[in-house]
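Work through the exercises below with the structure in view, and try each task before you read its solution.

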Amino acid sequence: MPLRLPDRLPAIDILKNENIFVMDDTRAHAQDIRPLRIVILNLMPLKITTETDLIRLLSNTPLQLEVSFMKLKSHTPKNTPIEHMMQFYRDFNAMKDEKFDGMIITGAPVETLDYKEVSYWDEITSIFNWAKTHVTSTLYICWAAQAGLYYHYGIPKYRLPKKMFGIFPQQTLNPQLPIFRGFDDVFMMPHSRHTEIRREDILKHKELQMIAESEESGVCIVMARNGREFFITGHMEYAPNTLDKEYRRDVGIRDDVELPRNYFKDDNPDQKPLVTWRAHANLFYNNWVNYYVYQETPYDISKIG
């Protein structure tokens with residue numbers, strides 16, 4: 001089944017060129033099947049890139065999805081045309097009376113700030129709280145994972161001496177969970193962050209289940225409320241060249257950025273990146289949609305709660 005997307009969203013043409021089946025709203029109205037409603041709160045600076053990365057992964061499911069985009073009223077993005085935001089995004093206030101089968105909250109370039117120093121902290125914590133009663137299952141990614149764990153469970157974050165940057169092997173701690181169906185014992189995940197959460201803090205909370213971790217990059221995935229919440233410290237959604245762009249942007253400018261580990265062939269930045277995470281990324285999102293969104297959500301979406 002295709003993804004149902006807003007008419008003229010830039011990702012549509014990009015993904016069609018990759019032979020991914022997407023359907024705009026005009027065509028979708030002819031379909032007589034209730035699609036699963038997925039909302040993405042996109043906090044990343046390059047919003048069109050992040051939209052495309054996430055939609056590419058969501059396209060792997062055979063279920064029909066209707067994807068919407070949420071924005072913050074208290075924050076104006078600087079790197080995305082205002083016309084794009086007005087056409088494809090809606091404020092939280094305009095969406096707060098709706099219910100969704102799934103939600104994705106992305107990372108944001110504010111991780112070195114204390115949470116309460118973030119200009120939109122009050123609004124985003126209102127969204128965190130709202131998601132508990134209006135969304136069947138929510139994925140929190142990178143900074144959102146840290147912020148969500150802090151808001152919901154009081155888990156602190158810690159500044160790293162240098163950026164956690166590269167592709168790191170992760171171990172599944174409970175491979176019988178549906179989210180890991182089809183996974184190998186070890187899978188790779190991109191990380192790009194200056195802060196961390198620690199396993200000893202997670203283990204103090206019986207409500208939290210650490211389900212994947214790495215000897216190199218630490219806590220990877222934490223699950224809560226039987227899969228109503230997933231907190232992911234890395235970036236499964238990253239495209240092959242994302243870390244390359246980050247490296248070339250920051251090298252020589254920041255003193256805490258090194259060559260991304262386990263990324264370039266022979267650790268040579270003149271070589272192409274080795275893509276080692278995409279298969280498991282597709283599996284993860286497919287499993288999330290199938291087992292934690294589709295199979296847990298009521299057909300009458302108004303009964304989510």
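**Exercise 1.** Find which elements the buried residues of α9 pack against.

*Solution.* Begin with the helix itself: α9 covers residues 242–250, where helices are DSSP runs of H or I with at least four residues, strands are runs of E with at least two, and both are numbered from the N terminus. Next, pick out its buried residues, which are Thr242, Leu243, Asp244, Glu246, Tyr247 and Asp250; buried means under 20% relative accessible area, with a 1.4 Å probe and protein chains only. Finally, look for contacts, meaning heavy atoms within 4.5 Å, and the partners turn out to be α3 (47–58), β8 (158–172) and β9 (186–196). Past the helix comes Gly252, with a positive phi near 85 degrees.

The model is predicted, with local features needing pLDDT of at least 70 and side-chain atom pairs counting only at pLDDT 80 or more, while totals for chains, interfaces and linings use all residues. Residues are numbered from 1 along each chain as its sequence is written, and side-chain values use heavy atoms, leaving out hydrogens and water.

**Exercise 2.** Describe the protein chain as a whole, and explain why it counts as compact.

*Solution.* First, count the elements: the chain has 10 helices and 12 strands. Its radius of gyration, taken over C-alpha atoms, is 18 Å, close to the 19 Å that the globule rule (2.2 Å times the number of residues to the power 0.38) gives for 305 residues, so the chain is as compact as a globular protein of that length. Then turn to burial, where 57% of the 305 residues are buried. Lastly, among contacts with a separation of 6 or more, 75% join residues 24 or more positions apart.

Definitions and conventions
Buried means under 20% relative accessible area, exposed over 50%, partly exposed in between (1.4 Å probe, protein chains only).
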